Amino acid sequence: WRRTNYASECTPEIAGSDITIMGWVHEIRDFGGIMFVIIRDVTGRVQVTAPSKKVDEKIMEELREFRKESVVAIKGLVQEAGKAPNGVEIIPKEVKVLNLANQPLPMDPTEKVKAGIDTRLDSRFLDIRKENVSAIFKIKGQMFHTIRDYFYDNGFYEINTPKLVASATEGGTELFPITYFEKEAFLGQSPQLYKQMMMAAGMDKVFEIGQIFRAEEHDTLRHLNEAVSIDAEASFADDEDVMKILNDMLINVLKDVNENCADELAVLGHELEVPKGDFPVVTYDEAVDIVNSKDVPMEWGEDLSREAEKALGDTMGGFYFLTRWPSEIKPFYVMPVEGEEQYSHAFDLMYNNLELSSGATRVHQYDLLVKQIEERGLNPAGFGSYLKAFEYGMPPHAGWGVGADRLTMVLTGAENIRECVLFPRDRHRLTP
Ligand code: ATP
Ligand code: AMO
């Protein structure tokens, strides 16, 4: 048995051909004299029609043995049929069960019975059989494809950096400690220090798509304990340069998803608008005023609370950059504005009230970096191998990190980040 066609390839154009399809039993309807079996594969569904007048009794018997969600192979003749999906049906000549599914199923992939998110995640392989779930991962795949193409087309080298690390990089989120022989070690929160060291290595522009680990205590619809970050870093560049790169890259992603994932967007009932021109920019100072004008209290120097993010998102809408953050709430590696050191060259990219990315011009001067590490109550001795890279020719540089799972939320309209990760890790979930 060899598969000759996918379900979506069964169209009136191939009527009259003998084909072999393989997939899952989506639905069985047995009217005695005629049986309809819907077979589903990665491309869609096709109907097998077995009228007892035309089909061998042995095959009718075999079809009656089918159970929902079993894996089967069907050899048969493609015939035009107005009412069936794709306008064709397959009249079976030979059928085979490749693997029988147990009954009852832990959840129903045809969604006749709706399941909650926990039941779905517990049986994620069955959940992803649903087209409105696999659509999310097809779109996420297109997103990564476009992003990699964009980086390669624009002179970025792809890198991989360690996830077993010795120090924190991002304040405001906790580290996961691990046992590493006799040493203290952690799971990496961000490739930040490594992508910067690659600037000292003379690689000019680098990117990494990889896992980040954050011991986020709170359970929200947009935080996970393991997320995927798309990180970029560019030499002889500043915040404005890398904001432009991020802006261009995202426009490409939106266009490509619209163009190549029209079916998936339709299944999700989601429309993607491609913004024209550059994303608007709002400064932190302006944001404070906007937030306060909406009667959400916010003091200068505070990070945006959830309510503040919502108030700002309501005003701005869509994609926008939030710039000129106070230095004191940004990490040590962020460059302060010359002469106005209370401000920094840091920015966030927002979509409505969701933070998608943070980035900045970095400090490339050794002395200033040590000073900023100390000012944040950290010990420069803990950053020895990173700091060394700043003593022997570090170019000025800038970069950003985008949360891939959050970007997928925007592309698919998902409201819960768990929908956008195959096997999410949150406060309560470590399996499957
Ligand atoms: P960063 O990477 O800068 O930590 P983030 O994307 O994790 O940003 P947001 O999701 O934008 O942070 O949340 C904004 C702020 O609200 C953060 O300081 C975050 O820690 C806090 N926060 C998020 N969810 C909750 C919650 N459920 N309860 C209390 N605080 C929360
Ligand atoms: P930041 O901490 O803002 O910046 O992280 C970058 C982006 O990663 C995503 N993200 C998360 N997504 C899901 N769950 C989480 N717990 C989580 N934490 C972060 C967000 C966020 O905007 N080193 C800097 C980047 C840089 O300056 O280059 C950093 O890590 O979308």
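This report looks at three residues, L164, E89 and I209, and their surroundings in a predicted model.

**Placement**

Each residue sits in a strand, as listed here.

| Residue | Strand | Strand residues |
|---|---|---|
| E89 | strand 5 | 88–99 |
| L164 | strand 7 | 164–165 |
| I209 | strand 10 | 205–213 |

**E89**

E89 belongs to strand 5. This residue is buried but has no salt bridge. K54 is the nearest side chain of opposite charge, at 5.9 Å. A salt bridge requires a separation within 4 Å, so K54, 5.9 Å away, does not provide one for E89. The E89 side chain does make a polar contact: its partner is the side chain of T49, at 2.8 Å. T49 also appears among the contacts of E89 beyond four places in sequence. The others there are Q47, L77, V78, Q79 and A81.

**I209**

Is I209 buried or exposed? I209 counts as buried, because its relative accessibility is 15% and the cut-off for buried is under 20%. Setting aside residues up to four places away in sequence, I209 touches F144, I147, R148, V228, S229 and I230. I230 is 21 residues from I209 in sequence. In space, their C-alpha atoms are 4.6 Å apart.

**L164**

L164 is partly exposed, with a relative accessible area of 46%. Which residues join L164 in a nonpolar surface patch? They are Y180 and F181. Together, L164, Y180 and F181 have about 360 Å² of accessible area. L164 can be part of such a patch because its 46% is over the required 30% relative accessible area.

Terms used
Residues numbered from 1 in each chain as written. Chains lettered and ligands numbered in written order. Predicted model: local features only at pLDDT ≥ 70, side-chain atom pairs only at ≥ 80, totals over all residues. Heavy atoms only, no water. Patch = residues over 30% accessible without salt bridge, like charges linked within 9 Å, V, L, I, M, F, W, Y side chains within 5 Å. Areas by Shrake-Rupley, 256 points an atom, 1.4 Å probe, with all protein chains shown as cover. Helix = DSSP H or I, 4+ residues; strand = E, 2+ residues; numbered from the N terminus. Buried < 20%, exposed > 50% of the residue type's maximum accessible area, 1.4 Å probe, protein only. Lys, Arg positive; Asp, Glu negative; His and termini not counted. Polar contact = N/O pair within 3.5 Å; in protein donor to acceptor, adjacent residues only side chain to side chain. Contact = heavy atoms within 4.5 Å.
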